Amino acid sequence: SIFYRKKRSYSLVNRSLSASHNRNREDSWFKSLFVRKVDPRKDAHSHLLAKKEDNNLYKIQFHNVKPECLDAYNKLCEDVLPSIHADPEYPCELVGTWNTWYGEQDQAVHLWRYRGGYPALTDVMNKLRQNKEFMDYRNERGKMLLSRRNQLLLEFSFWNEPVPRSGPNIYELRSYQLRPGTMIEWGNYWARAIEFRQQNHEAVGGFFSQIGSLYMVHHLWAYKDLQSREDTRNAAWQHEGWDEVVYYTVPLIQHMESRIMIPMKSSPLK
């Protein structure tokens, strides 16, 4: 009958709506498994992770040099950069300067520290524009480079401040591109992990980016040679807890790179 057909039609519609509602609830519940709950924070990540007792800002520079110009480039840097480092008029220090040995070839890496943060950086930049020797250096340097890039960095609170050290040493710069939003998690794990990597005084400095490529972390290590590096890194696995740090931090990384670097003659980190 017509009444029976209408009643059956309404029943089918109700079952369809109910099934759709249940599916939506299931989908919502399933998706919730993969949505990380956000912890409300009252401060920027940089304030939570960086040292509070000082106001240091770091700049790291990567210069890719024409292969035939590398020796001349090194000589030019050795003639000019130490004078800026030693001049009290400039609130900056050359922490270290290197050539990449293994990794990207024909590359120079410079690490500067600005005591006083962004105002110190601005002060140095303004003064260097009036420095004829430096401007001549920049013009000459430009003829030797294929490309260059830089980043502004802060240092992690749980790493030692990099200070001059005697050599000879090789240095490893390990650079990590982290997944956005994971910097706090990275810092929490490495605040404990750094204890496992201080046995041979190999830890030099740890930094995270503020301007340039973001969510970048740089760890700087010093070793006597490549075999010492291998032995030191293997020894870390004998410490209880190191495997856990590796297990939980690897998923935070999007990309990582290792450079083995040799100090230039003018580098305070020998």
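A nonpolar core, as the term is used here, is a set of buried Ala, Val, Leu, Ile, Met, Phe, Trp, Tyr and Cys residues joined through side-chain atoms within 4.5 Å. Keep that in mind for the second stop of this tour, and remember throughout that the model is predicted.

**Stop 1: the whole chain**

Start with everything shown as a cartoon. You can pick out eight helices and eight strands. The protein has 270 residues, and 42% of them are buried. Among contacts with a separation of 6 or more, 83% are between residues 24 or more positions apart.

**Stop 2: the cores**

Now select Tyr 73, Ile 84, Tyr 114, Phe 156, Trp 186, Phe 208 and Val 217. Within the largest nonpolar core, which has 53 residues, these touch the most other members. Next, colour helix H3, residues 70-86: with seven residues, H3 gives this core its largest share. A second core lies separate from that one; it has 16 residues, including Phe 62, Val 109, Tyr 171 and Leu 173. As background, nonpolar side chains tend to be buried together in soluble globular proteins.

Stay with Tyr 73 for a moment and show what surrounds this residue. Leaving aside residues up to four places away in sequence, Tyr 73 touches His 63, Val 65, Ala 108, His 110, Arg 141, Met 144, Leu 145 and Met 264.

**Stop 3: around the barrel**

Hide the helices and follow the strands. In what order do the eight strands of the closed barrel run? The path is S1-S3-S2-S8-S5-S7-S6-S4, with antiparallel pairing. From one strand to the next, the twist averages 35 degrees.

Select S2, residues 92-102, where eight of the 11 residues are buried. On one pairing, S2 is joined to S3 (residues 107-115) by seven antiparallel bridges, and Cys 92 has Tyr 114 as its bridge partner in S3. Tyr 114 was also in your selection at the second stop, as one of the residues that touch the most other members of the largest core. Zoom in on the hairpin of S2 and S3: four residues lie between the strands, and Gly 103 takes a positive phi near 125 degrees.

S2 also pairs with S8, antiparallel and through four bridges. Two partners to display are Met 261 for Thr 100 and Ile 262 for Asn 99.

Continue along the barrel to S5, residues 170-178. Eight bridges join S5 to S8 in the antiparallel sense, and Glu 172 stands opposite Ile 260 in S8. S5 and S7 are likewise antiparallel, over eight bridges; there, Tyr 176 has Val 217 as its bridge partner in S7.

**Stop 4: helix H7 on the sheet**

Bring back H7, which packs on the sheet and touches S2, S5, S7 and S8. The direction of H7 makes about 50 degrees with that of S5. Which residues of H7 (residues 226-236) are buried? Select Arg 229, Thr 232 and Ala 236. They cover an arc of only 70 degrees around the axis, so they sit on the same side of H7. The elements covering these buried residues include S5, S7 (216-223), helix H8 (242-249) and S8 (253-263).

Finish at the start of H7, with Asp 225 and Gln 227 shown as sticks. Here a side-chain oxygen of Asp 225 comes within 3.2 Å of the backbone nitrogen of Gln 227.

How values were computed:
Residues are numbered from 1 along each chain as its sequence is written. This is a predicted model: local features need pLDDT of at least 70, side-chain atom pairs count only at pLDDT 80 or more; totals for chains, interfaces and linings use all residues. Side-chain values use heavy atoms; hydrogens and water are left out. Buried means under 20% relative accessible area, exposed over 50%, partly exposed in between (1.4 Å probe, protein chains only). Helices (H or I, at least four residues) and strands (E, at least two) are DSSP runs, numbered from the N terminus. The arc is that of the directions from the helix axis to the C-beta atoms. Contact means heavy atoms within 4.5 Å. A polar contact is a pair of N or O atoms within 3.5 Å; within protein, one must be able to donate a hydrogen and the other to accept it, and residues adjacent in sequence count only if both atoms are side-chain atoms. Two strands pair if DSSP finds at least two bridges between them. Axes are lines fitted to C-alpha atoms, for helices over the stretch in contact, and angles run from 0 to 180 degrees between N-to-C directions.
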